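Trainee: I am new to this structure and should like to go through it step by step. May we begin with the ligand and then turn to the interior?

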Amino acid sequence: MATNRTFTMIKPIAVSNGFSGAILKMFHEAGFRLISMKYLQMTPGQAGAFYEVHKDKPFYASLVEFMSSGPIIAAILEKENAVEEFRKLIGATDPSMAAPGTIRNLYGKNLTENAVHGSDSDENAELESSFFFSGIEQYPVDHSG
Ligand code: CMP
């Protein structure tokens, strides 16, 4: 059964080009609720660990170099059927193939510098969220009551 959370990163190219605000607005307008968010720069070792599943791919080294080249915004988002809905919002991995109006179509430059990351499964959404956020950050105390 689909869970209601996904994990995203706004990648260095989008942050350095000043697109973070517009991208966060698109998350909000598509009905995603912000659960946790961080602004940080990964070391090459951290980026390598995050993308370890791709370590045998030819693009791994350039992906790691790019993802550690500047600050990113990492966030956990909530919406019903979040993983699938978010992948629709961001579009295909390759910006040149991403549907018009999707985030990667609007703000991506190429396959590596494709503006945003989005989890590809519920299992990876949990693993990736836990890579960046502690338990208390993922499940903050509700102060409303
Ligand atoms: P992301 O959603 O962050 O997940 C893995 C990343 O690997 C992907 O976005 C792309 O940036 C990158 N990637 C996937 N396939 C290729 C490829 N064929 N060439 C270069 N980069 C790729």
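Mentor: Let us start at the ligand, in what is a predicted model. A polar side-chain atom of Tyr-51 lies 2.6 Å from an oxygen atom of the ligand.

Trainee: How far is an oxygen atom of the ligand from an N or O atom in the side chain of Arg-104?

Mentor: Arg-104 belongs to the residues around the ligand, which also include Lys-11, His-54, Thr-93 and His-117. Asn-114 has a side-chain N or O atom 3.2 Å from a ligand oxygen. For Arg-104, the corresponding distance to an oxygen atom of the ligand is 3.0 Å.

Trainee: What percentage of the area that the ligand exposes when taken alone does the protein bury?

Mentor: The starting point is the ligand by itself, which exposes 460 Å². Of that area, the protein buries 78%.

Trainee: Which element gives the largest share of the largest nonpolar core?

Mentor: This core has 18 residues, and Phe-7, Met-9, Met-67 and Phe-132 have the most contacts inside it. Two or more residues come from each of β1 (5-10), α3 (44-50), α4 (60-67) and β3 (72-78). The largest share, five residues, comes from α4.

Trainee: Which residue around the ligand, Tyr-51 or Phe-59, does Met-9 touch?

Mentor: Leaving aside residues up to four places away in sequence, Met-9 touches a set that includes Met-42, Phe-50, Met-67 and Phe-132. Among the residues Met-9 touches is also Tyr-51.

Trainee: How many residues are in the second, separate core?

Mentor: Ile-10, Val-15, Ile-90 and Ala-115 are included in this second core. Its number of residues is 17.

Notes: Residues are numbered from 1 along each chain as its sequence is written. This is a predicted model: local features need pLDDT of at least 70, side-chain atom pairs count only at pLDDT 80 or more; totals for chains, interfaces and linings use all residues. Side-chain values use heavy atoms; hydrogens and water are left out. A nonpolar core is a set of buried Ala, Val, Leu, Ile, Met, Phe, Trp, Tyr and Cys residues joined through side-chain atoms within 4.5 Å. Buried means under 20% relative accessible area, exposed over 50%, partly exposed in between (1.4 Å probe, protein chains only). Helices (H or I, at least four residues) and strands (E, at least two) are DSSP runs, numbered from the N terminus. Contact means heavy atoms within 4.5 Å. A residue is near a molecule or strand if one of its heavy atoms lies within 4 Å of it. A polar contact is a pair of N or O atoms within 3.5 Å; within protein, one must be able to donate a hydrogen and the other to accept it, and residues adjacent in sequence count only if both atoms are side-chain atoms. Accessible areas come from the Shrake-Rupley method with a 1.4 Å probe; for residues, only the protein chains shown count as cover.
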